[in-house]
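Open the model in your viewer and set it to show side chains. The stops below say what to select and what to look for.

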Amino acid sequence: EMLFLMSQTEKETSKFLMLGSTPSYIEWKEDDVIDEVDRLLKKIETSSGIVSEVCRGYDISLEEISTAKGKAKKAFFSTPLLVPIISGNYRGDPQTVGGTQVTFQDFIMGLTKEKSKIVEPISVFSKTLVTGGSKNDRQHALQLLAEGYLLSGAPVIVFDFDKSFFGLQKPNPNLEELKKYEIESSPIGFPVKIFVPPAEIRVDINKADPFGLAQAMGFGNSKCVEIIAACLMKFKVKGLSEMSEKIKSMQEEKFSEFEVLRTARILSLLDKLYPAFFDGENPVEEISSRKVKSLGRGSVLDLSGLDERARILLSHNVLSSVQDFFSKKDKKTGISLFVIIPEAKNVVNEKISEALSKDIEGMIAKFEFLGIGYALSNESELDFRELVTKNAEAQINFIQGNDCAVQLKGRKSYRVLLRPTLSFLEQAQPVQTKK
């Protein structure tokens, strides 16, 4: 790609020729990305040499901006709107969010039946519920929202229960389908890191709710809960094994030796059933930070290998850690993080733990005060509890196929044929319920 830029003042005219590369897609692994960037830089360097030789044949002299005189550099870098001119990822006016610059672009949703394009500010979907249709339909809408926020520069966390969102890393191969919906952007694979438990994410036992843990794991004995809570008040532990040993050493008049040893045995059993699952802290900053200047970074939490008890425990723990992390930051306007929970009944399940379910709903309701947006899906609006539905400001409800009814707060609802995703849309698989 080549771009010609001219800067003119009253006294002189400066001309600049800029070379770029075509889009490149690479799996989000540090070494692979570095190698690919080096390859592209060498490619541009070679192209630069060829262009310089050709221009020399026409008596046109070109000089690298890095070696040019200060006067030429000043003319180039003082050009108005230089960044949006040369940046293929410019997405509108920037705004400061969470200490970083984040841009919020217009979000192309799709077309009406009359083929009119539907465009909304991505910010109107900061608190969204997705309902109706099939599981794949709902995933389609959630992935579009993920792409919208990633393109705006906001990091996105996806709780993935069946590897459905792994396709965010790969470009959509169906270019013709995108053209039908008048999408001018090229298909793109987004920077995404997959976090797999227990190696990369786990339950930080120091942030666990003792009562919720007892409910989820089926040992709802009040004395066990009290002993665990007392232990966490006194010690910071690295896992269940260490907690079990700390509890054995506790001397509390209100707890009998039998109750203490029983609690220690339960924790030791859990440690054997879920090895390393409760060991250590979560990398919250890495999960929720932006790594690429012009794009948000996606963090896909792969919970597909967990049973339903472990899913709700880990989901609650991660959300709690994220809430603590952002509550310590300076309050900013806008969205500094977007959270996606597909089939939210996987983490809001009163049959597993009423305490954790209510706490998760409470955290989601308070996200807006921390600069965190969210999108949740379920088969029906009735699958959401009242607190969640009251707090939401947007709803996308599938009618038939990709035909959706969109309801935004304070506006009349309208219909839209949802456009294809820029990234690859995986086929959603049934969530395996492990006992």
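Start with Ala365, which sits in helix α12. The model is a predicted one. Ala365 has a relative accessible area of 15%, under the 20% limit, and is therefore buried. Next add Val388 to the selection: 23 residues separate it from Ala365 along the chain, yet the two C-alpha atoms are 6.7 Å apart. Setting aside neighbours within four places in sequence, the contacts of Ala365 are Leu387 and Asn391.

**Helix α8 and its cover**

Select residues 240–249, which form helix α8. Which residues of α8 are buried? They are Leu240, Met243, Ser244 and Ile247. Turn the view to look down the axis of α8: the buried residues fall within an arc of 105 degrees, so they line one face of the helix. Now show α7 (222–234) and α9 (257–273), which are among the elements covering those buried residues.

Keep α8 and α9 on screen. Two packed helices are described by the angle between their axes and the distance between the axes. Here the axes come within 9 Å and cross at roughly 170 degrees. This makes α8 roughly antiparallel to α9, as angles over 145 degrees count as such.

To see the contact itself, select Leu240, Ser241, Met243, Ser244, Ile247 and Lys248 on the α8 side. On the α9 side, select Val260, Leu261, Thr263, Ala264, Leu267, Ser268, Leu270 and Asp271. Coloured by type, the residues of this contact divide into eight nonpolar, four polar and two charged.

**The nonpolar cores**

Ile247 leads on to the next stop. Select it together with Phe159, Phe278 and Ile341: in the largest nonpolar core, which has 66 residues, these four touch the most other members. Helix α11 (residues 308–327) supplies the largest share of this core, with eight residues.

Centre the view on Phe159. Not counting residues up to four places away in sequence, Phe159 touches Leu301, Leu303, Ser315, Val318, Leu319, Val339, Ile340, Ile341 and Pro342. A second core, separate from the one above, has 44 residues, including Met109, Phe166, Val300 and Val416.

**Ser288 in helix α10**

Go to Ser288, in helix α10 (residues 284–288). Is Ser288 buried or exposed? Its relative accessibility is 6%, so Ser288 counts as buried. Beyond neighbours within four places in sequence, Ser288 is in contact with Pro155, Ile157, Phe325, Phe326 and Leu337.

**Backbone stops in the loops**

Three loops remain. In the loop between β9 (192–195) and α6 (210–217), find Pro198. The peptide bond leading from Pro197 to Pro198 is cis, with omega near -5 degrees.

Move to the loop between α5 (175–180) and β9, where Glu182 is found. Glu182 is not a glycine, but its phi is positive, at about 60 degrees. With a relative accessible area of 40%, Glu182 is partly exposed.

End at Glu343, in the loop between β11 (337–341) and α12 (354–366). Glu343 also has a positive phi, near 45 degrees, in a residue other than glycine. How is Glu343 placed, buried or exposed? Glu343 counts as buried, at 7% relative accessibility.

Notes: Residues numbered from 1 in each chain as written. Predicted model: local features only at pLDDT ≥ 70, side-chain atom pairs only at ≥ 80, totals over all residues. Heavy atoms only, no water. Buried < 20%, exposed > 50% of the residue type's maximum accessible area, 1.4 Å probe, protein only. Helix = DSSP H or I, 4+ residues; strand = E, 2+ residues; numbered from the N terminus. Arc of directions from axis to C-beta. Contact = heavy atoms within 4.5 Å. Axes fitted to C-alpha atoms, helices over the stretch in contact; angles between N-to-C directions. Parallel < 35°, antiparallel > 145°, perpendicular 65-115°, else oblique. Nonpolar A, V, L, I, M, F, W, Y, C, P; charged D, E, K, R; others polar. Core = buried A, V, L, I, M, F, W, Y, C linked by side-chain atoms within 4.5 Å.
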